[in-house]
Amino acid sequence: MTNEDVGLVGNSVADRLQVGPREGVTYPIQMKYCGHCTMPIEYCEYYPEYEKCKEWLERNMPDDFERLKIEEEAAAADGTDDDKKRQKRGGKGLLRVKKKEDVPKKICVSRAARGKKKSVTVVTGLSTFDIDLKVAAKFFGTKFACGSSVTGDDEIVIQGDVKDDLFDVIPEKWSEIDEDVIEDLGDQKR
């Protein structure tokens with residue numbers, strides 16, 4: 001390579017790395033987002049609920065939906081297989097949609113011994129009312145001035161014996177919970 005060849009290569013790289021607006025591009029660039037998965041519409045096909053994204057696009061962005069449909073038909077005609085394009089194994093990109101089981105909406109409150117003279121109060125069943133357990137644990141900790149934590153899938157442990165107070169506090173904080181659905185299990189072993 002001669003010095004002239006190096007100079008030509010340097011110019012082409014400098015042209016590609018040019019800072020600022022490029023010719024043929026209109027600014028600002030407008031991104032269109034899906035209302036179902038909140039991703040740019042080009043990435044909807046990688047979302048687990050792609051059919052719902054298509055329904056949303058058809059209702060709200062018919063022009064983009066037509067373009068997407070034409071591209072899918074062209075890909076099918078070319079023989080491009082969807083199975084090759086989609087990721088088959090794990091990864092954080094796929095969301096796992098949890099199915100809600102039909103469990104009875106009931107909150108159980110119990111007291112458990114901790115050491116000789118101390119006890120903890122255990123609250124279960126708040127997640128059946130779609131209450132965020134971390135928020136509820138923080139609320140109980142500040143309300144009773146004690147430690148409170150989420151220990152299981154649907155279990156909050158509050159330090160101290162506050163079982164009797166919970167029958168008034170829970171319906172007061174969350175109005176959708178009636179006092180009748182709170183059950184006292186008494187003293188339990190942990």
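**View 1. The buried and exposed residues of helix 2 in a predicted model.** Helix 2, which spans residues 50-60, has as its buried residues Tyr50, Cys53, Lys54, Trp56 and Leu57. Seen down the axis of helix 2, these buried residues fall within an arc of 165 degrees, so they line one face of the helix. An α-helix has 3.6 residues a turn, so residues three or four places apart point the same way. On the other side of helix 2, Glu51 and Arg59 are exposed, whereas the buried residues of helix 2 pack against helix 3, residues 62-78.

**View 2. The largest nonpolar core and the elements that contribute to it.** This core has 22 residues, and those with the most contacts inside it are Ile107, Leu126, Phe140, Ile156 and Ile177. Two or more residues each are given to the core by strand 1 (107-114), helix 5 (133-144), strand 4 (155-159) and helix 6 (163-173), and the largest share, six residues, comes from helix 5. Apart from this core lies another one, of twelve residues, among them Cys37, Ile41, Tyr47 and Leu57.

**View 3. The contacts of Phe140.** When its neighbours within four places in sequence are left aside, Phe140 is in contact with a set of residues that includes Leu126, Ile156, Ile158, Leu166, Ile170 and Trp174. Ala145, Cys146 and Ser148 are also in contact with Phe140.

**View 4. The hairpin of strand 3 and strand 4.** Strand 3, residues 148-152, pairs with strand 4 in the antiparallel sense over four bridges, and two residues lie between the two strands of this hairpin. Within the pairing, Ser149 stands opposite Val157 in strand 4.

Technical notes
Residues are numbered from 1 along each chain as its sequence is written. This is a predicted model: local features need pLDDT of at least 70, side-chain atom pairs count only at pLDDT 80 or more; totals for chains, interfaces and linings use all residues. Side-chain values use heavy atoms; hydrogens and water are left out. Buried means under 20% relative accessible area, exposed over 50%, partly exposed in between (1.4 Å probe, protein chains only). The arc is that of the directions from the helix axis to the C-beta atoms. Contact means heavy atoms within 4.5 Å. A nonpolar core is a set of buried Ala, Val, Leu, Ile, Met, Phe, Trp, Tyr and Cys residues joined through side-chain atoms within 4.5 Å. Two strands pair if DSSP finds at least two bridges between them.
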